[in-house]
Amino acid sequence: MAKITKDTLIADCLKINPNSGEILMSVGMHCLGCAMAHGETIEQAVYVHGHDLDELLKKLNEGISD
């Protein structure tokens, strides 16, 4: 199974972890339907929204099977 990294596009993140939408929304990232989601990486979104990248990646990868 794929792992979500800083270079993962938000749109791909939603495919890898079905719970990622809820996780992103819980930290104020309401970018799920945004056109930028198809070309913006997790790292870019974190930079814009001012969150901790490592902490968010940890949450996004919880429950994903290897």
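Visitor: Is Thr41 buried or exposed?
Guide: Keep in mind that this is a predicted model. Thr41 sits in the loop between helix H2 (20-26) and H3. Buried means under 20% relative accessible area. Thr41 falls under that cut-off, so the loop residue counts as buried, with a relative accessible area of 12%.

Visitor: Which residues does Thr41 touch, leaving out those up to four places away in sequence?
Guide: Contact here means heavy atoms within 4.5 Å. Once residues up to four places away in sequence are set aside, the list for Thr41 reads Lys6, Asp7, Thr8, Leu9 and Ile10.

Visitor: Let's take Ile10 from that list. What separates the C-alpha atoms of Ile10 and Thr41?
Guide: Ile10 belongs to helix H1 (residues 10-16), and its relative accessible area is 0%, so Ile10 is buried. Thr41 is buried too, at 12%. Along the chain the two are 31 residues apart, yet their C-alpha atoms are separated by 5.7 Å.

Visitor: How many salt bridges does the structure hold?
Guide: A salt bridge here needs a side-chain nitrogen of Lys or Arg within 4 Å of a carboxyl oxygen of Asp or Glu. Lys6 and Glu43 form such a pair, with their closest N and O atoms 4.0 Å apart. For the structure, the count of salt bridges is one.

Visitor: Which parts of the chain does the pair of Lys6 and Glu43 link?
Guide: Lys6 forms a salt bridge with Glu43. The two residues are 37 apart along the chain, and the parts they link are distant: the segment before H1 for Lys6, and for Glu43 helix H3 (residues 42-49).

Visitor: How do Lys6 and Glu43 count in terms of accessibility?
Guide: Buried ends under 20%, exposed starts over 50%, and partly exposed is in between. Lys6 has 37% relative accessibility, so Lys6 goes in the middle class. Glu43 has 34%, so Glu43 also counts as partly exposed.

Visitor: On to helix H4. Which residues does Asn61 touch, not counting those up to four places away in sequence?
Guide: Asn61 lies in helix H4. Its relative accessible area is 17%, so Asn61 counts as buried. Leaving out residues up to four places away in sequence, Asn61 touches Lys3 and Ile4.

Visitor: And Asp54, is that one buried or exposed?
Guide: Asp54 is found in helix H4 (residues 53-61). Together with Asp52, Glu55 and Glu62, Asp54 forms a negative surface patch. Exposed means over 50%. Asp54 has 61% relative accessibility, so Asp54 counts as exposed.

Notes
Residues numbered from 1 in each chain as written. Predicted model: local features only at pLDDT ≥ 70, side-chain atom pairs only at ≥ 80, totals over all residues. Heavy atoms only, no water. Patch = residues over 30% accessible without salt bridge, like charges linked within 9 Å, V, L, I, M, F, W, Y side chains within 5 Å. Areas by Shrake-Rupley, 256 points an atom, 1.4 Å probe, with all protein chains shown as cover. Lys, Arg positive; Asp, Glu negative; His and termini not counted. Charge placed at Lys NZ, Arg CZ, Asp CG, Glu CD. Helix = DSSP H or I, 4+ residues; strand = E, 2+ residues; numbered from the N terminus. Buried < 20%, exposed > 50% of the residue type's maximum accessible area, 1.4 Å probe, protein only.
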